[in-house]
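I opened this notebook page to record what I looked up on aromatic side chains and on one charged residue. The entries follow in the order in which I went through them.

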Amino acid sequence: MTNKHFLTLKSLTPQELQHILQRGIELKKMQHAGEIYEPLKNQTLAMIFEKASTRTRISFEVGMTQLGGHALFLSPRDTQLGRGEPIEDSARVISSMVDGIMVRTFEHSIVETMAEFSSVPVINALTDDFHPCQLLADMQTYHEHRGSIKGKTVVWIGDGNNMCQSYINAAQIYDFKLRVACPKGFEPRADLMEMAKDRVEIVRDPMEAAQGADLLVTDVWASMGQEDEQRLRIQALSKYRVNRAIMDQADSDALFMHCLPAHRGEEVTAEVIDGHQSVVWDEAENRLHAQKALLEFLMAK
């Protein structure tokens, strides 16, 4: 049987993703009610981290524990991956001993190669191009607060990074309109924009982009590996700070999301992230529940 992998949102069908969204909500209710549910008993998830993490490590490790399984933390410092062993060889060896592999790394080609040579499901827990697990949590969070996101208007403000590019995929799959507000030179990948041109557009002015929006989303201006560009990025993106004035352009019922960690006063003001329209804490918690639904979908026998 061919393994299903989760490398981008497009790895799964809209129907499968809708199932995961609804299942994440169900698993959240079960966990909050103290119900024990262990479909992954005696299964192991190998977690390969080449990038640091708080939410990703906690949510996958706790998720596997709650589902009755075990999560194994692997860093390049502690394995042959950090000493030049080919990804193909590592994939073959690791997948022969575990039931699933989660990878958080830099180049997207690494998770693609891992999936090609793995005999078990591979999950992309973040690459420089995509962050699909975060989108599972974001879509669940919006659904819990406002119902279906279909037909809504989402505005991405800031750098056209891996989160922005995952929102482009999401616009096509979950059927919403996406406006990307970013300065020149910070656009998402042109091929992704072209594939989604019927529902995604670039609007340079963040105030204009936010008009009538149902959801506003941003992220840090310098992601992991871009720290040397911090000063340049702050200068280029200074007009793209999500503040009260931008939120006021959106629908009065609009929500604000941020995948965290956040730099208050940089990409978002404290007034917004700590305000009544912000759902960032629910969004962060939903990493656990959405990913449990994903793990169950990919790994339950």
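I began with W156, which in this predicted model has a relative accessibility of 1% and therefore counts as buried, since the cut-off is under 20%. I then looked up Y167, which is buried as well, its relative accessible area being 0%.

Next I turned to the aromatic pairs, for which I noted a count of 3. W156 and Y167 form one that is tilted, with 6.1 Å centre to centre and 40 degrees between the planes. I located W156 in strand β5 (residues 153-157) and Y167 in helix α6 (residues 162-174), so that the pair, its members 11 residues apart, links distant parts of the chain. I also noted that W156 and Y167 belong, with F176, to one aromatic cluster.

For a ring with a charge over it, I recorded that R57 lies over the face of F73, at 3.8 Å from the ring centre.

I then followed W156 to D219, because I wanted to know which residues D219 is in contact with once neighbours within four places in sequence are left aside. The list holds W156, N161, N162, M163, H258, C259 and E267. D219 itself is placed in the loop between β8 (215-218) and α9 (230-237).

What is the nearest side chain of opposite charge to D219? I found R55, at 8.7 Å, and noted that D219 is buried yet has no salt bridge. I did find a polar contact of 3.0 Å between the side chains of D219 and N161, and N161 is also among the contacts listed for D219.

Key: Residues are numbered from 1 along each chain as its sequence is written. This is a predicted model: local features need pLDDT of at least 70, side-chain atom pairs count only at pLDDT 80 or more; totals for chains, interfaces and linings use all residues. Side-chain values use heavy atoms; hydrogens and water are left out. Rings of Phe, Tyr and Trp (its six-membered ring) pair if their centres lie within 6.5 Å; planes under 30 degrees apart count as stacked, over 60 as edge-to-face and the rest as tilted. Helices (H or I, at least four residues) and strands (E, at least two) are DSSP runs, numbered from the N terminus. Buried means under 20% relative accessible area, exposed over 50%, partly exposed in between (1.4 Å probe, protein chains only). A charge sits over a ring if NZ of Lys or CZ of Arg is within 6 Å of the ring centre and within 35 degrees of the ring normal. Lys and Arg count as positive and Asp and Glu as negative; His and the chain ends are not counted. A salt bridge is a side-chain nitrogen of Lys or Arg within 4 Å of a carboxyl oxygen of Asp or Glu. A polar contact is a pair of N or O atoms within 3.5 Å; within protein, one must be able to donate a hydrogen and the other to accept it, and residues adjacent in sequence count only if both atoms are side-chain atoms. Contact means heavy atoms within 4.5 Å.
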